[in-house]
Amino acid sequence: MRDRIIRLMWLAVFVGAGLQAGPPVAAAREVHLTLQHTSDLHGHVLPTVVKDTPDQGGLAKVATLVKSVRRETPNVLLIDSGDTLQGSEMAFYFNYHPLREGNLRRVHPMILTMNHLGYAAAALGNHDFNFGPVVLKSRIAESNFPWLSANIWWSGEESPFAVAERPAPARVWNPYRVMEVDGVRVGIIGAVTPNIPEWEQPEFIQGLRFSNIVDEAKALVPILKEREKADLVVISVHAGLEEGATSSWENPVGPLATDTTGVDVILSGHKHVDIPEKIINGVLITAPSRWGLRLGRVDVALEGE
């Protein structure tokens with residue numbers, strides 16, 4: 001697929017953004033693909049009340065929008081950008097008393113809901129480590145979708161995250177997933193802010209090394225393009241876009257867009273902000289607030305042989 005036009009729809013609001021077109025292609029056909037995006041759900045399955053003010057968030061309400069869009073178009077990929085398992089009282093209960101209450105024998109309600117909605121992939125967030133490796137590994141095992149992280153490595157020391165079948169250094173989780181939708185190959189890279197060691201209890205991340213997101217993207221995008229033949233490259237990253245032209249080790253979405261050739265869409269999170277649409281270096285960036293208060297939607301039209 002050569003010629004591509006990427007348009008963002010933020011719920012019911014359409015905003016246009018054109019990418020540079022390639023040369024004409026004989027016998028071209030157009031394929032429409034929709035990316036739906038959540039981030040920082042923080043264990044909110046149902047709406048909650050904050051200081052007596054009804055909170056209109058929750059994955060149950062997001063599900064209504066997800067299903068509505070799927071009735072419009074068959075080519076939909078639902079992707080999350082992390083901080084999923086921690087935050088609400090319900091999530092706290094299912095994570096904090098995993099063994100005493102037998103909760104590890106019950107699928108986490110967030111995972112149950114995400115499995116039901118058919119997520120294509122999720123990136124890990126920093127708060128997903130808050131309850132230790134036993135809980136995190138169990139919840140990932142319950143998931144019908146892959147959790148992706150390009151920049152988390154097992155260092156080789158004794159660790160609950162040791163990758164037995166691969167010698168260190170090795171990535172603990174797959175860095176990307178490639179899916180084919182109506183003849184279009186979509187490469188999805190997952191990544192998380194490398195600032196986790198500044199916040200997390202050392203025993204919860206023992207043996208893990210968090211590398212530079214931009215460096216990992218620079219290495220992986222050519223693999224997706226050349227080896228995996230991806231037509232569209234999407235990065236789901238639990239990191240934010242800093243204000244203005246600045247960026248940081250914690251929130252490197254700006255350099256991720258400017259310094260990495262071949263990226264089409266960045267689905268960001270972590271900062272709990274609304275970014276309906278931001279174009280940097282021809283890359284479309286979006287962020288859907290927190291708790292399921294927003295659902296990001298990116299409509300893509302690709303033309304090619």
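In this predicted model, G118 adopts a positive phi of about 70° just after helix 3. Helix 3 itself is largely enclosed by the rest of the structure, because 7 of its 9 residues are buried. These buried residues are P109, M110, I111, T113, M114, N115 and L117. Their cover includes three helices and three strands that can be named in chain order. Helix 1, strand 6 (76–80) and helix 2 (89–96) contribute, as do strand 7 (121–123), helix 4 and strand 8 (147–148).

Helix 4 also holds E142. E142 has a relative accessible area of 15%, under the 20% cut-off, and is therefore buried. The C-alpha atoms of E142 and N115 are 8.8 Å apart. Along the chain, 27 residues separate the two.

The largest nonpolar core comprises 33 residues. Within this core, F129, I152 and W173 touch the most other members. Several elements each supply at least two of the core residues. They are helix 1 (59–72), helix 3 (109–117), helix 4 (133–142), strand 9 (152–154) and strand 13 (208–210). Apart from this core lies another, of 26 residues. Its members include V214, V233, I285 and A287.

Contacts of F129 were examined beyond four places in sequence. F129 touches both I152 and W173. Its other partners are L136, F161, I196, E200, F204, I205, L208 and F210.

Conventions. Residues numbered from 1 in each chain as written. Predicted model: local features only at pLDDT ≥ 70, side-chain atom pairs only at ≥ 80, totals over all residues. Heavy atoms only, no water. Core = buried A, V, L, I, M, F, W, Y, C linked by side-chain atoms within 4.5 Å. Buried < 20%, exposed > 50% of the residue type's maximum accessible area, 1.4 Å probe, protein only. Helix = DSSP H or I, 4+ residues; strand = E, 2+ residues; numbered from the N terminus. Contact = heavy atoms within 4.5 Å.
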